Amino acid sequence: MERRAGAEYIGASMKAVEYRLRAPPASRKASARHAEIKLRYGRAARRKTGGGGVRLGELRRLFERRLVPKIEIESRIADLGDLVAWSAAQLGQAVELCWVEQLELGIRTVRCTDKTAAEISDFYRGLKRERDRMYKRQKRAAAAAPPKGLSDRAQDLLGIIERHWIARSELVKAAAALASFQRRGRAIDADALLQAVRRAISELQEAQLVEVDDETFNERGQRITTVRLHV
């Protein structure tokens, strides 16, 4: 019985090893099927989005840049067959597209042969980072330049007014912490603070930087003044 059990165990182990040896060919077939399905979906997507028309225009620009006679351009494109059937890399190899041509002509549906996809992605990411840095510098420069002709108090008050309506009483509370509404580091008295905020709001309103509404009522039915940035 022990010998039979041992033989059965060895036989099962050999079958398992045999199965593992047979697995890689099946995996390769599955990978090939997945790759073919991916290509089919890619062709269908390009047809759906008009990719063939885009490629046609890009190839015409490419051959014109290479000084191919106009009579020959259409025949060369026709020789390529169904443009949608090509992958970007395959078509790039067929026409021997280089990076300089791709960049200069703005070609996006054909991949160049002298740079990898990773190198191209790094290039465009670098451009995006530079655009983002430029945008942030411009935004900081615009924010740093205060409107001309405004008093310090009006400029400081403008910095805390937002696009949604806010009660003037809330602005008075916030203004108490602003340096321009203080004397020697201390808040001025309530009446003087209210008058200072009123003058600053009037100044901003005359400059058409804020909108003022005197027809708003609070939860107790009292008429209040609200302010927001001009939109």
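A pocket here is an open set of grid points, on a 1 Å grid over the protein atoms alone, with protein on both sides within 12 Å along at least five of seven lines. Keep that in mind for the view of the largest pocket, which has a volume of about 170 Å³. One more thing before you look: this is a predicted model.

**View 1. The whole chain, from end to end.** Let's start with the parts list: the chain has nine helices and five strands. Follow the sequence along and you meet them in the pattern α-α-α-α-α-α-α-β-α-β-β-α-β-β. Of the 231 residues in the chain, 23% are buried. What about contacts between residues at least 6 apart in sequence? Of these, 48% join residues at least 24 apart.

**View 2. How confident is the predictor, and where?** Averaged over the chain, pLDDT is 80, and 74% of the residues score at least 70. Which element has the lowest mean pLDDT, and which the highest? The lowest belongs to helix α1 (residues 2–48), with a mean of 55, while the highest, 93, belongs to helix α4 (residues 88–95). Now look at residues 15–23: pLDDT stays under 50 there, and the model has zero contacts beyond four places in sequence for this stretch.

**View 3. The largest pocket and its lining.** Here is the pocket of about 170 Å³. Its lining is made by Ala167, Arg168, Ser169, Val172, Leu194, Asn218, Arg220, Gln222, Ile224 and Thr225. Two elements, α8 (168–175) and β5 (223–229), give two or more residues to this lining. Helix α8 makes the largest share, with three residues. Sort the lining residues by type and you get four nonpolar, four polar and two charged.

**View 4. Two cysteines that don't pair up.** A disulfide is a covalent bond between the sulfur atoms of two cysteines. How many disulfides does the count come to? The answer is zero. Take Cys98: the nearest cysteine sulfur is that of Cys112, 7.7 Å away, and Cys98 is in no disulfide. Why is there no bond for Cys112? Its sulfur is 7.7 Å from the closest cysteine sulfur, in Cys98, and that is too far, because a disulfide needs the two sulfur atoms within 2.5 Å. As for their surroundings, Cys112 is buried, with a relative accessible area of 5%, whereas Cys98 counts as partly exposed at 25%.

**View 5. Glu96 and Gln208, two residues with positive phi.** Most residues other than glycine have a negative phi. Glu96 has a positive value, near 55 degrees, and Gln208 does too, near 60 degrees. Where do you find them? Glu96 sits in the loop between α4 and α5 (99–105), and Gln208 in the loop between α9 (190–206) and β4 (210–217). Buried or exposed? Glu96 counts as exposed, at 63% relative accessibility. Gln208 is exposed as well, with a relative accessible area of 61%.

**View 6. Arg186 in a strand.** Last stop: Arg186, which belongs to strand β3 (residues 186–187). With a relative accessible area of 66%, Arg186 is exposed, because the cut-off for that word is over 50%. Now find Ala176 as well. Arg186 and Ala176 are ten residues apart in sequence, and their C-alpha atoms are 8.7 Å apart in space.

How values were computed:
Residues numbered from 1 in each chain as written. Predicted model: local features only at pLDDT ≥ 70, side-chain atom pairs only at ≥ 80, totals over all residues. Heavy atoms only, no water. pLDDT = per-residue confidence, 0-100. Helix = DSSP H or I, 4+ residues; strand = E, 2+ residues; numbered from the N terminus. Contact = heavy atoms within 4.5 Å. 1 Å grid on protein atoms, 1.4 Å probe; cavity = no way out; pocket = protein on both sides within 12 Å on 5 of 7 lines; lining within 4 Å. Points joined across faces, edges and corners; volume = space filled by probe spheres on them. Nonpolar A, V, L, I, M, F, W, Y, C, P; charged D, E, K, R; others polar. Buried < 20%, exposed > 50% of the residue type's maximum accessible area, 1.4 Å probe, protein only.
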